2 protein chains.
Amino acid sequence: MVLVPTKSDRRREELAESALTTLGAMGYARASLREIAGNSPFSHGVVHYYFQDKTELVIYSVRHYKRRCVTRYDAVVSDSTSPEELVEAFAAKLAQTIREEAPMHRLWYDLRTQSMFEPALRDAITEIDGTLEAMIWRVVDRYATLAGRPPSVGAPAAYGMLDGLFQQALLAYTAGGEPVLDGLATQVRVVLPLLVR
Amino acid sequence: MVLVPTKSDRRREELAESALTTLGAMGYARASLREIAGNSPFSHGVVHYYFQDKTELVIYSVRHYKRRCVTRYDAVVSDSTSPEELVEAFAAKLAQTIREEAPMHRLWYDLRTQSMFEPALRDAITEIDGTLEAMIWRVVDRYATLAGRPPSVGAPAAYGMLDGLFQQALLAYTAGGEPVLDGLATQVRVVLPLLVR
DNA sequence: ACTTTTTCTTGACAACTGTCAAGAAGCGGC
DNA sequence: GCCGCTTCTTGACAGTTGTCAAGAAAAAGT
């Protein structure tokens with residue numbers, strides 16, 4: 001029905017974009033609505049014109065972001081013609097997204113953790129987490145196909161393990177910067193082959 | 001020098017214990033000093049008599065807790081006589097600690113994530129994370145020995161992957177309760193063998 | 001018993017929070 | 001130019017936060 005986004009929709013996206021900057025830099029708890037509005041072209045009151053409350057803004061923002069990003073590895077999947085090529089491309093992409101979007105990833109882990117304390121976040125987080133699992137599974141499944149061997153673990157386990165490595169790398173990157181990213185690539189080269197028979 | 005804990009030390013532990021309850025239930029950001037003191041035999045002002053600020057109290061508390069808990073799997077390591085036995089005991093212990101200490105684990109992941117936004121937390125978190133990695137490595141290394149095969153990944157990768165699975169299970173347990181814990185045990189039975197050649 | 005020191009409570013502070021209402025500003029149609 | 005509607009700003013509200021100082025209470029020392 002709604003083919004073009006309404007003027008209201010575009011404002012919401014604009015606000016969401018500003019919110020993501022602030023949220024990514026300060027985290028969920030420390031990012032106040034005034035601070036968020038301060039990094040936007042608007043004043044602090046406008047938030048409640050477009051969103052019911054802070055939670056709705058945050059959920060909208062992170063949904064907005066993740067929608068763009070669940071396709072991050074699709075090119076890796078479709079362009080690779082051998083298992084080795086896929087591993088390299090995947091490892092490179094992982095390191096790249098930490099380098100270029102660390103604040104967004106920090107925000108994501110922050111929100112996912114907060115959802116354990118704040119039920120209002122739970123549904124949205126669970127849904128997004130599912131799309132991330134599917135995203136990772138497309139990579140693993142494709143790797144299995146290229147290698148001609150069946151996966152050795154299910155989608156949840158594959159996601160859990162790779163997400164654990166990613167989170168560890170993000171944490172180390174936050175404290176130690178660039179150098180640690182090589183370690184992540186090395187780990188991925190070792191781990192992906194373990195995920196197929 | 002100090003063989004017995006001073007009276008002051010015991011008060012600090014007492015406060016830390018109360019703080020852990022509140023922090024575990026509400027998370028780092030939402031647990032105010034008044035709330036923490038409210039769940040203790042003292043009033044809210046006493047915190048600044050024993051701790052310089054909130055951060056110091058929180059770090060002291062989580063250090064206090066983790067010191068007790070890094071030995072959690074040591075019995076598993078020393079009592080197992082076959083790889084299969086170790087896997088079962090380890091999987092059972094993982095599920096048990098989620099069941100019995102979920103709030104503490106939520107708090108830990110909360111603090112670890114906050115450390116990416118708050119440099120004041122970083123040193124303590126990094127140090128504790130190292131002891132957890134060592135704890136997990138003792139399990140994996142022992143499994144490798146019992147299986148008569150060398151580990152296929154290093155300590156950081158082993159910790160990253162297993163921690164990822166654990167965190168995923170904790171998240172699912174928080175939303176879905178008891179039933180999901182069987183899944184964790186199943187995953188561990190599949191994954192541990194992948195960590196040795 | 002009196003003094004000194006340690007321990008703890010109370011009440012206040014300035015700053016900050018999410019929320020909302022009143023009205024200004026902008027903008028369409030007429 | 002005027003009206004009505006949408007959009008946005010301003011300023012206020014009630015509540016909360018970490019922090020700290022003043023002094024009460026308790027304990028220790030003499």
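**Exercise 1.** In this predicted model, identify the helices that each supply at least two residues of the surface near DNA strand C, then describe that surface and its polar contacts.

*Solution.*
1. Two helices meet the condition: helix 2 (33–38) of chain A and helix 3 (47–50) of chain B.
2. There are 18 residues around DNA strand C, and those that come nearest are Arg11(B), Arg34(B), Ser43(B), His44(B) and Tyr50(B). Of the strand atoms within 4 Å of the protein, 55% belong to sugar and phosphate.
3. Sorted by class, the surface holds seven nonpolar, six polar and five charged residues.
4. Phosphate oxygens of DNA strand C are approached by polar side-chain atoms of Arg11(B), at 2.4 Å, and of Tyr49(B), at 3.1 Å.
5. For His44(B), a side-chain N or O atom lies 2.7 Å from a base oxygen of the strand.

**Exercise 2.** Describe the largest cavity: its volume, its lining and the helix that gives the most to the lining.

*Solution.*
1. The volume is about 210 Å³.
2. The lining has 16 residues, and Tyr109(B), Met135(B), Ile136(B), Asp163(B) and Phe166(B) are closest to the centre.
3. Helices 4, 6, 7 and 8 of chain B give two or more residues each; helix 6 gives the most, with five.
4. By class, the lining has 12 nonpolar, one polar and three charged residues.

**Exercise 3.** Do the same for the second largest cavity, naming the helices that each supply at least two lining residues.

*Solution.*
1. The space amounts to about 170 Å³.
2. Among its 14 lining residues, Tyr73(A), Tyr109(A), Met135(A), Asp163(A) and Phe166(A) are closest to the centre.
3. The helices are 6, 7 and 8 of chain A.
4. The lining comprises 10 nonpolar, one polar and three charged residues.

Conventions
Residues are numbered from 1 along each chain as its sequence is written. Chains are lettered from A and ligands numbered from 1 in the order in which they are written. This is a predicted model: local features need pLDDT of at least 70, side-chain atom pairs count only at pLDDT 80 or more; totals for chains, interfaces and linings use all residues. Side-chain values use heavy atoms; hydrogens and water are left out. A residue is near a molecule or strand if one of its heavy atoms lies within 4 Å of it. A polar contact is a pair of N or O atoms within 3.5 Å; within protein, one must be able to donate a hydrogen and the other to accept it, and residues adjacent in sequence count only if both atoms are side-chain atoms. Helices (H or I, at least four residues) and strands (E, at least two) are DSSP runs, numbered from the N terminus. Ala, Val, Leu, Ile, Met, Phe, Trp, Tyr, Cys and Pro count as nonpolar, Asp, Glu, Lys and Arg as charged, and the others, Gly among them, as polar. On a 1 Å grid over the protein atoms alone, a cavity is a set of points where a 1.4 Å probe fits but cannot get out, and a pocket is an open set with protein on both sides within 12 Å along at least five of seven lines; lining residues have an atom within 4 Å of a point. Grid points are joined across faces, edges and corners, and a volume is the space filled by probe spheres set on the points.
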